[in-house]
Amino acid sequence: MHGRALVLGAGGHAAIAWELGVLAGLADGGAPAHDADLVIGTSAGSVVGALITSGVSLDDLFTRQLDPLHSGESAPAIDFVQWRADFMRAREGTDEPQAVVKRFGILARQVPTTTRDARRRTIAARLPPPHAWPATRDLRIVAADVDTGERRVFDRTSGVDLVDAVAASCAVPGIWPTVAVDGGEYMDGGVYSIDNADLAVGSARVLILTLQARVPALCVQSLESAVDELHQSGAEVEIVHPDEATLKAFGAVGGNVLDPAVREPAARAGREQGRKLSRSGIGARG
């Protein structure tokens with residue numbers, strides 16, 4: 001049983017910057033949500049989870065988002081209209097979650113594995129050394145098995161390198177290569193759920209920071225169903241989505257959440273949103 005859980009959802013550079021901004025803003029207002037007992041990260045959220053449990057201060061993590069030269073990353077060259085169409089076709093003919101995720105795995109395997117090493121270096125560069133699981137915090141990182149369609153949750157007891165766990169959770173099918181872990185192939189945990197908030201069942205209070213899923217959603221589990229499960233378990237649940245100012249920040253770079261250029265405006269908008277939220281009691285210790 002955990003007292004407080006923090007759930008961090010998917011959404012590329014936009015979500016990473018916004019979530020860090022919100023957490024910094026909450027802390028500015030005296031609501032240190034980042035020190036929750038349990039941290040659950042999916043895709044972009046796995047990066048944020050690894051960052052806030054690394055021992056590096058929130059202010060330093062926030063400042064890194066303002067540096068356009070920090071990561072040296074560029075937006076992937078991909079036709080997002082075609083990419084989304086491929087995902088929607090994979091969902092046709094079945095509503096069985098595991099079967100749908102397995103079809104997403106077929107898309108994931110289409111990305112050449114020759115880019116794996118470069119992608120792992122990119123993920124490693126996002127995280128401060130020594131790239132170790134937190135010893136005293138419960139950090140859980142979510143990925144999906146390419147071949148079985150099953151959800152996999154990595155933590156410090158899994159025997160999996162932290163960088164590999166984050167890389168697996170961030171391996172968006174059709175964009176980034178799959179990640180080999182324990183003899184299996186893994187892809188982005190966001191194909192199962194954009195936030196995987198149901199994994200926080202057992203916590204008394206749950207704060208969820210997540211982008212809103214597009215309609216129709218590409219993942220197989222909705223936030224609404226997870227929140228219902230949390231409520232049934234007796235949890236107090238708070239949900240934070242990007243506000244209007246943050247959405248404008250996303251739009252300033254064409255709405256491409258995978259474009260590193262979104263980092264600075266999203267982080268700044270997120271921090272202001274977090275400060276406002278702190279005044280309403282969101283994220284406060286209970």
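Trainee: Looking at helix α10, how many residues and roughly how many helical turns separate R275 and E272?

Mentor: R275 and E272 sit 3 residues apart in helix α10, which means that about one helical turn separates them. Helices (DSSP runs of H or I, at least four residues) and strands (E, at least two) are numbered from the N terminus.

Trainee: And are those two side chains buried or exposed, or something in between?

Mentor: R275 is partly exposed at 33% relative accessibility, and E272 is also partly exposed, with a relative accessible area of 35%. Buried here is under 20% relative accessible area, exposed is over 50%, and partly exposed is in between, with a 1.4 Å probe and protein chains only.

Trainee: Which salt-bridge network do they belong to?

Mentor: Salt bridges with shared partners connect D28, D59, R271, E272 and R275 into one network. Within it, R275 and E272 form a salt bridge whose closest N and O atoms are 3.8 Å apart. The term requires a side-chain nitrogen of Lys or Arg within 4 Å of a carboxyl oxygen of Asp or Glu.

Trainee: Before I go further, what kind of model is this?

Mentor: This is a predicted model, in which local features need pLDDT of at least 70 and side-chain atom pairs count only at pLDDT 80 or more, while totals for chains, interfaces and linings use all residues. Residues are numbered from 1 along each chain as its sequence is written, and side-chain values use heavy atoms, with hydrogens and water left out.

Trainee: Fine, back to the network: what does R271 pair with?

Mentor: R271 forms a salt bridge with D28, and the closest N and O atoms of the two are 2.7 Å apart. That pair links distant parts of the chain, since R271 belongs to helix α10 (residues 263-279) and D28 to helix α1 (residues 12-28), 243 residues apart. R271 is buried, with a relative accessible area of 11%, whereas D28 is partly exposed at 38%.

Trainee: Which residue does D147 bridge to, and what parts does that tie together?

Mentor: The side chain of D147 meets that of R109 in a salt bridge, at 2.9 Å from N to O. D147 is in the loop between β3 (138-145) and β4 (151-154), and R109 is in the loop between α5 (97-108) and α6 (116-126), so the bridge ties together parts that lie 38 residues apart in sequence. Both ends are partly exposed, D147 with a relative accessible area of 42% and R109 with 44%.

Trainee: How many salt bridges are there in the whole structure?

Mentor: A search of the whole structure finds 17 salt bridges.

Trainee: Switching topic, how many disulfides turn up?

Mentor: The search of the whole structure gives 0 disulfides, a disulfide being a pair of cysteine sulfur atoms within 2.5 Å.

Trainee: Why is C219 not bonded to C170?

Mentor: The closest cysteine sulfur to that of C219 is in C170, 16 Å away, and therefore too far for a bond. C170 is buried, with a relative accessible area of 4%, and C219 is buried as well, at 11%.

Trainee: So where do we stand on the salt bridge that joins distant helices?

Mentor: That is the R271 and D28 pair, which connects helix α10 with helix α1 across 243 residues, and both R271 and D28 are members of the network that also includes D59, E272 and R275.
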